[in-house]
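Have a look at the chain below and get a feel for how it folds. We'll start at one loop and work outwards from there.

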Amino acid sequence: MRALSITAVIVFLLDQLSKLGVIRLLSLPERGEIDVVDPFINFRWAENRGVNFGLFANNGELMRWVLIAVAVAISAWVLIWLKRERPGKWSMIAGGLLIGGALGNVVDRIAYGYVADFLTMSCCGFENPYSFNIADIAIFAGAIGLVLFGGKSGKSPPPKRRKTP
């Protein structure tokens, strides 16, 4: 559980500090965009009131609280599941990524009414029109990690006994 807790706290803090940095220090909401290493990585301000890619953003205040409840419920479920199963270190880190990211976005929804998105990445002729944040990266990586490592226990299975005739 230590790896999960440390990972979740680090992700949460990185997410919130990065958002404060682009909001307060760089004034991104007022500026709208900042080219960092164009076109590979840029800052583009977006207020995401829905889920991924702004889906379900039209339902306003109701959807805000539904998404908060869903994120908290999934985080609690993952925490309980990992606590019961006691899988390996990589599963715990993946769970920490997912939980830390989800709670980072929950704080945004409570504080601002939206998730603060600001990163865009494009490459090789593909221009990505969507913005995301550190929490989104962590949630995605954590979900993939749980799929890959979730069923693997951190403990070795007991040795098989040979039957003697």
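## A loop with a cis proline

Pro 39 sits in the loop between β1 and β2. The peptide bond leading from Asp 38 into Pro 39 is cis, and its omega is near 0°. A quick word on names: helices (H or I, at least four residues) and strands (E, at least two) are DSSP runs, numbered from the N terminus.

Before going further, keep in mind that this is a predicted model, where local features need pLDDT of at least 70 and side-chain atom pairs count only at pLDDT 80 or more, while totals for chains, interfaces and linings use all residues. Residues are numbered from 1 along each chain as its sequence is written, and side-chain values use heavy atoms, with hydrogens and water left out.

## The sheet around that loop

The loop belongs to a hairpin, which links β1 to β2 through 3 residues. Strand β1 (residues 33–37) and strand β2 (residues 41–48) run antiparallel and are joined by 4 bridges; two strands count as paired if DSSP finds at least two bridges between them. You can pick out the partners: Glu 33 is opposite Arg 44 in β2, and Ile 34 is opposite Phe 43 in β2.

What does β2 pair with over 6 bridges? That's strand β3 (residues 115–121), again in the antiparallel sense. Here Ala 46 has Asp 117 of β3 as its bridge partner, and Glu 47 has Ala 116 of β3. Put together, the 3 strands make an open sheet in the order β1-β2-β3, with antiparallel pairing. β1 and β3 are the edge strands, each pairing on one side only. From one strand to the next, the twist averages 30°.

## Helix α4 and its neighbour α5

Now for the helices. Two packed helices are described by the angle between their axes and the distance between the axes. Helix α4 (residues 89–112) and helix α5 (residues 134–149) have axes that come within 7 Å and cross at roughly 150°. Axes here are lines fitted to C-alpha atoms, for helices over the stretch in contact, with angles running from 0 to 180 degrees between N-to-C directions. α4 and α5 are therefore roughly antiparallel (the label for angles over 145 degrees; under 35 is roughly parallel, 65 to 115 roughly perpendicular and the rest oblique). The crossing of α4 past α5 is left-handed, meaning the near helix is turned anticlockwise from the far one by less than a right angle (clockwise would be right-handed).

Among the residues making this contact (heavy atoms within 4.5 Å) are Trp 90, Ala 94 and Leu 98 of α4 and Ala 138, Leu 146 and Phe 149 of α5. By class, the residues of this contact split into 12 nonpolar, 6 polar and 1 charged. For those classes, Ala, Val, Leu, Ile, Met, Phe, Trp, Tyr, Cys and Pro count as nonpolar, Asp, Glu, Lys and Arg as charged, and the others, Gly among them, as polar.

How many residues does α4 have? It has 24, reaching 34 Å from its first C-alpha to its last, close to the 34 Å expected at 1.5 Å a residue (the expected span is 1.5 Å times one less than the number of residues). Just after α4 comes Gly 113, with a positive phi of about 90°.

## α3 packs on α4 too

Helix α3 (residues 60–85) packs with α4 at an angle of about 160°, their axes 9 Å apart. That makes α3 roughly antiparallel to α4. α3 passes α4 in a left-handed crossing. The contact includes Trp 65, Ile 68 and Leu 82 of α3, along with Met 92, Leu 103 and Ile 110 of α4. Sorted by class, it holds 16 nonpolar, 3 polar and 2 charged residues.

## α1 and the loop after it

Helix α1 (residues 2–25) packs with α5 at an angle of about 150°, with axes 8 Å apart. α1 and α5 are therefore roughly antiparallel. Val 11, Leu 14, Asp 15, Ser 18 and Lys 19 in α1 meet Ile 134, Ala 135 and Ala 138 in α5. That contact has 5 nonpolar, 1 polar and 2 charged residues.

Ser 27 lies in the loop between α1 and α2 (28–31). The phi of Ser 27 is near 50°, a positive value in a residue other than glycine.
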